[in-house]
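Me: I'd like a close look at one part of this model, with the cut-offs spelled out as you go. Could you walk me through a single strand and what surrounds it?

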Amino acid sequence: MKKVLLLLWQLPQSIIGFICVAFWCIVTSEYYYVTLNGTAIFLFDKFPSWIWGISFGTIAGVEKVKYTSSGIKTNIVSWETVTNIMGHELGYATQSKILGPVYLIAILLQHVTIWIPYEKRFMEAWANKIGIKVTCGYNGKAFKIVN
Ligand SMILES: [Zn+2]
């Protein structure tokens, strides 16, 4: 019962997440997903350049980012960066559980309050704070949450 109520509570944002992720699965054929903490995280080979990750309800999408620590583009996926983004997106998933449909308004506000530095915006800072540490075994397989 509690699970059903939580699903309903997050339904509006989960529907948006489903539409975004399904659209991107059609656009790019390179994807797979893992389930962590009740959230289906889709890993995409490529995202539009201005997105590294999205999170809506029980669905998230993360780019397999190919950057070195100094920000240079390479052909090798930085799994450390990817797992950091995954952990951050799981922070949003927790926010969604707490806020329910209000999550969408909060995320909208985060994207229109452009006079505040991005990392200082409420939802961003909160997601960083409550983000979950994720690791992966090798080459993007065997993802798990670090307790
Ligand atoms: Zn963020």
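Which residues of β4 lie on one side and which on the other, and are they buried or exposed?

Reply: Happy to. A word on the ground rules: this is a predicted model, where local features need pLDDT of at least 70, side-chain atom pairs count only at pLDDT 80 or more, and totals for chains, interfaces and linings use all residues. Residues are numbered from 1 along each chain as its sequence is written.

Now to your strand. Helices (H or I, at least four residues) and strands (E, at least two) are DSSP runs, numbered from the N terminus, and β4 covers residues 59–63. One side of β4 carries Ile-59, Gly-61 and Glu-63, the other Ala-60 and Val-62, and all are buried. Here a residue is buried if 20 or more other C-beta atoms lie within 10 Å of its own, exposed if 12 or fewer, and partly exposed in between, with C-beta atoms placed from the backbone. In a regular strand the side chains alternate between the two faces of the sheet.

Next, the partners of β4. Two strands pair if DSSP finds at least two bridges between them. Strand β2 (residues 39–44) runs parallel to β4 and is joined to it by five bridges, while β3 (residues 53–56) runs antiparallel to β4, with four bridges. Ile-59 of β4 is the bridge partner of Ala-40 and also of Phe-56. Two residues lie between the strands in the hairpin of β3 and β4, where Gly-57 takes a positive phi near 60 degrees.

Two residues of β4, Ala-60 and Val-62, are among those with the most contacts inside the largest nonpolar core, which has 19 residues. Such a core is a set of buried Ala, Val, Leu, Ile, Met, Phe, Trp, Tyr and Cys residues joined through C-beta atoms within 7 Å. At least two of its residues come from each of β2, β3, β4 and α3, and α3 gives the most, with seven.

Single contacts fill in the picture; two residues are in contact if their C-beta atoms, placed from the backbone, lie within 7 Å. Leaving aside neighbours within four places in sequence, Met-86 is in contact with Val-62 of β4, as well as with Ile-41 and Val-134. On the other face, Gly-61 is touched by Trp-24, which also touches Phe-44, again not counting residues up to four places away. Trp-24 sits in helix α2 (residues 11–27) and counts as partly exposed because it has 19 C-beta neighbours inside 10 Å.
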